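Dear colleague,

Here is the structure I said I would pass on. My notes on it follow below.

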Amino acid sequence: MAEMRTAFKMSQDEVITLADKINFLGNSTPAAAKGIMEIVQRIGPLGEVGGFASGSIAALGATMRGMGVQEEIAATGIKNMMLALIDLGLDSEEVAKSMQKDAEGTTLKILELIKALPKEKQGAMLATLFGKESLSAIAPLLTNMGALEENLKKVGDATKYAGSMNDEYKARAETTANNIILFKNKIAELGISIGSVLLPPLNIFLGKMGAVIDKVSAWSKA
């Protein structure tokens, strides 16, 4: 979280909100929160360059990772997508403005346009726009636009993700495993309390009894 706060120039509240979004996506998509987090971290401040909100990057990452795309490949694909959308030949200035106002809508619109092409031309267009190394990351989005739209909606609705991390903490705190850990902690605390209260007088008692036993032992030998 500290790394993301620095990379995206966020306040503490903003980075908590981003982490809530990532945690919520991890709970509501096939992608693990850890994988989504890694994708977002790999992209870093490039999110600002593309005009993307960090939550949208997380949604893209969750969609790709949920389809089996590895974190590094997904991050590269998203980077190339952002840079390509800014640098489109058609009307780069218009696209750039559109990206700043509505990054999600622009991305979906362009993916829809590519999806409308004949299948044999889609790969070539993706390679031209986003680079060949990003094909394995971007191509699956064309066949799963519904999931991408749904994930973008999830990070756009604060009522869904707000407090996600805290809720998860509470859920974990109530599990049997956590209760066992707490029980062990209480036992350890009891042991420390017993030791600090009872051991000093017990040691004094044992010292005195040792002297008595020595005398009894000597007497019995005599």
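About 13,100 Å² of the chain is exposed, and carbon and sulfur atoms supply 60% of that area. Please keep in mind that this is a predicted model. Of the 222 residues in the chain, 36% are buried.

On secondary structure, the chain holds 14 helices and 0 strands. Read from the N terminus, the order of elements is therefore α at every position, as the DSSP runs are numbered from that end. Among contacts with a separation of 6 or more, 68% join residues that are 24 or more positions apart.

Two helices are worth going through separately.

H5 covers residues 54–66. Its 13 residues reach 18 Å from the first C-alpha to the last, close to the 18 Å expected at 1.5 Å a residue. H5 is also mostly covered, with 11 of the 13 residues buried. The buried ones are Ser54, Gly55, Ser56, Ile57, Ala58, Ala59, Leu60, Gly61, Ala62, Thr63 and Met64. Just after H5 comes Gly68, with a positive phi of about 95°.

H14 runs over residues 176–221. How does its span compare with that of a straight helix of 46 residues? The straight helix would span 68 Å at 1.5 Å a residue, whereas H14 spans only 59 Å between its end C-alpha atoms. H14 has a kink of about 40° at Leu198, and the proline Pro200 follows shortly after that residue.

Those are the findings I have to hand over.

Regards

Note on methods: Residues numbered from 1 in each chain as written. Predicted model: local features only at pLDDT ≥ 70, side-chain atom pairs only at ≥ 80, totals over all residues. Heavy atoms only, no water. Helix = DSSP H or I, 4+ residues; strand = E, 2+ residues; numbered from the N terminus. Expected span 1.5 Å × (residues − 1). Bend = angle between axes of the 7 residues up to and from the residue. Buried < 20%, exposed > 50% of the residue type's maximum accessible area, 1.4 Å probe, protein only. Contact = heavy atoms within 4.5 Å. Areas by Shrake-Rupley, 256 points an atom, 1.4 Å probe, with all protein chains shown as cover.
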